Amino acid sequence: MTPTTTHLALPFFDDVHRELGARLADWIPGQQVDEHDDRRACREWVQRLGDAGWLRYCVPAGADGAWGGALPALDSRALVILRETLAFHSPLADFAFAMQGLGSGAITLAGTPAQQAAYLPQVASGEKIAAFALSEADAGSDAGAMTTRAAQAEGGWAVNGSKTWISNGGIADFYVTFAKTDPAAGTRGITAFIIDASVPGLDASEHIAVMSPHPLATLKFTDCRLEGDAQLGLLNGGFRLAMQTLDIFRASVAGAALGMARRALLEAVRHAKTRQMFGQTLADFQLTQAKIGEMAALIDAAALLTYRAAWLRDEGERRGNPVRVTAEAAMAKMTATENAQRVIDMALQLHGGLGVKVGTKVESLYRDIRALRIYEGATEVQQLIIGKAVLQS
């Protein structure tokens, strides 16, 4: 089963993106991973994605290809295409791919040459699993409320506090972690650090079970000692670095939502064409046709916003005039995730009782999509971002 690639003909994409989408659509259907154990499955997906070269799109090539990336720079359209196609087949495969990019993105943007050489090639090959540790129990949407503290100590830093809802928690080899270095300065007092999983004082054993299994954990830092070279980017520049990282990858969340929505539509169409009811198929009823039409329109509307956001960012990079696409990425993320939720709900409704049977695709999609409306900025946060941008224009 492969998703349609007709959307790749849109003018947002170049030939390199079209070739990439076609190759991945050919490769992914042959990959079968037992996903009952989400932690083991994520490790296996990282290995497979790394071995096949797909993780090379999570990092840039670097000088003379030293970082192992497939393209000269991080390419938002490539990320969108990859996540859309992976999520169509396996939301867990998409998750494994996405976290390699998000978890290493700040190193790409602000790492020293030594940090980039130490981590990026191994992220691209799948030898190291990455994680992004920003959220806390009382500091999710309000990052300035974080209480995890990094204080200068002899030769480096001492980190104390906790992070929660951390994707790849407990299986990651390193965590890009954000901590307060100036507690009185709010978001202007946050600094980023690279913390290896083996560092004494870090405990990632508290796993979090969620409705759609993903490896999540709470991280606890108890006098976690770091060398001075663990600091990532500027002192007290961590919040801006986190937002820059999310700007790159937020549109790719929309891509993942598109993949799930496209799969739900395919499942709904296939079921409607074969389900016999009152001497005809479910697809013969006008009410079914109207629902299918609405689902298709919701997907295309979200797709256009998603591809626009990715194209705008890539065009700015290509011209050497990087532009912030915060509002455009927020529109894409909000619309794609909300529309995908509606599409999947309608697909489940069309399946009737089968839709809520554990083990059917639409049932698992119904659980898979829900988290996307929350992580990397909840829908309500996206609305605020968009509203402020409109008022300032």
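Is Met-99 buried or exposed? In this predicted model, Met-99 is buried, because its relative accessible area of 7% falls under the 20% limit. The residue sits in helix H4. Beyond its sequence neighbours up to four places away, Met-99 touches Ser-104, Ala-130, Ala-131, Phe-132, Ser-167 and Asn-168. Ala-332 is another matter. It is separated from Met-99 by 233 residues in sequence and by 19 Å in space, C-alpha to C-alpha.

Helix H4 spans residues 91-110. It also supplies the largest share of the largest nonpolar core, nine residues. That core holds 73 residues. Within it, Leu-49, Phe-178, Ile-195 and Leu-226 touch the most other members. Another core lies apart from this one and has 40 residues. Among them are Val-80, Val-253, Leu-350 and Leu-372. In soluble globular proteins, nonpolar side chains tend to be buried together.

The contacts of Leu-226 can be listed in full, leaving out residues up to four places away in sequence. They are Gly-155, Gly-156, Trp-157, Val-159, Phe-193, Ile-195 and Val-199. Ile-195 thus appears in this list and among the core members with the most contacts to other members.

Arg-83 was examined next. The residue belongs to helix H3, residues 76-89. Arg-83 is a charged residue, yet it counts as buried because its relative accessible area is 2%. Its side chain makes a polar contact with the side chain of Ser-252, at 3.1 Å. Ser-252 is also one of the residues that Arg-83 touches outside a window of four places in sequence. The others are Asp-94, Phe-97, Ala-98, Phe-249, Val-253, Gly-255, Ala-256 and Tyr-375. Val-253 is listed here and is also a member of the 40-residue core.

Helix H4 recurs at the second largest pocket, which encloses about 680 Å³ of space. The pocket is lined by 26 residues. Closest to its centre are Glu-35, Ser-90, Pro-91, Lys-361 and Ser-364. Two elements give two or more residues to the lining, helix H4 and helix H9 (361-370). H9 gives the most, with five residues. By type, the lining divides into nine nonpolar, 10 polar and seven charged residues.

A further set of contacts involves Thr-181. This residue lies in the loop between strand E4 (174-180) and strand E5 (190-196). Its relative accessibility is 16%, so Thr-181 counts as buried. The side chain of Thr-181 makes a polar contact with the side chain of Asn-236, at 2.5 Å. Outside four places in sequence, Thr-181 touches Ala-150, Trp-157, Gly-189, Ile-190, Thr-191, Phe-193, Leu-235 and Asn-236.

Asn-236 is found in the loop between E8 and H6. It is partly exposed, because its relative accessible area is 25%. Its phi is near 65°, a positive value in a residue other than glycine. Most residues other than glycine have a negative phi.

Leu-235 is found in the loop between strand E8 (231-232) and helix H6 (238-274). With a relative accessible area of 46%, Leu-235 is partly exposed. It touches Trp-157, Thr-181 and Thr-191, residues up to four places away in sequence aside. Leu-235 and Ile-190 lie 45 residues apart in sequence, with 7.7 Å between their C-alpha atoms.

Trp-165 also has a positive phi, of about 60°, although it is not a glycine. The residue lies in strand E3, residues 156-167. Trp-165 is exposed, because its relative accessible area of 52% is over the 50% limit.

Glu-328 is placed in helix H8, residues 326-351. At 22% relative accessibility, Glu-328 counts as partly exposed. Its contacts beyond four places in sequence are Arg-308, Ala-309 and Leu-312. Ala-296 is 32 residues away from Glu-328 in sequence and 22 Å away in space, C-alpha to C-alpha.

Methods:
Residues are numbered from 1 along each chain as its sequence is written. This is a predicted model: local features need pLDDT of at least 70, side-chain atom pairs count only at pLDDT 80 or more; totals for chains, interfaces and linings use all residues. Side-chain values use heavy atoms; hydrogens and water are left out. On a 1 Å grid over the protein atoms alone, a cavity is a set of points where a 1.4 Å probe fits but cannot get out, and a pocket is an open set with protein on both sides within 12 Å along at least five of seven lines; lining residues have an atom within 4 Å of a point. Grid points are joined across faces, edges and corners, and a volume is the space filled by probe spheres set on the points. Helices (H or I, at least four residues) and strands (E, at least two) are DSSP runs, numbered from the N terminus. Buried means under 20% relative accessible area, exposed over 50%, partly exposed in between (1.4 Å probe, protein chains only). A polar contact is a pair of N or O atoms within 3.5 Å; within protein, one must be able to donate a hydrogen and the other to accept it, and residues adjacent in sequence count only if both atoms are side-chain atoms. Contact means heavy atoms within 4.5 Å. A nonpolar core is a set of buried Ala, Val, Leu, Ile, Met, Phe, Trp, Tyr and Cys residues joined through side-chain atoms within 4.5 Å.
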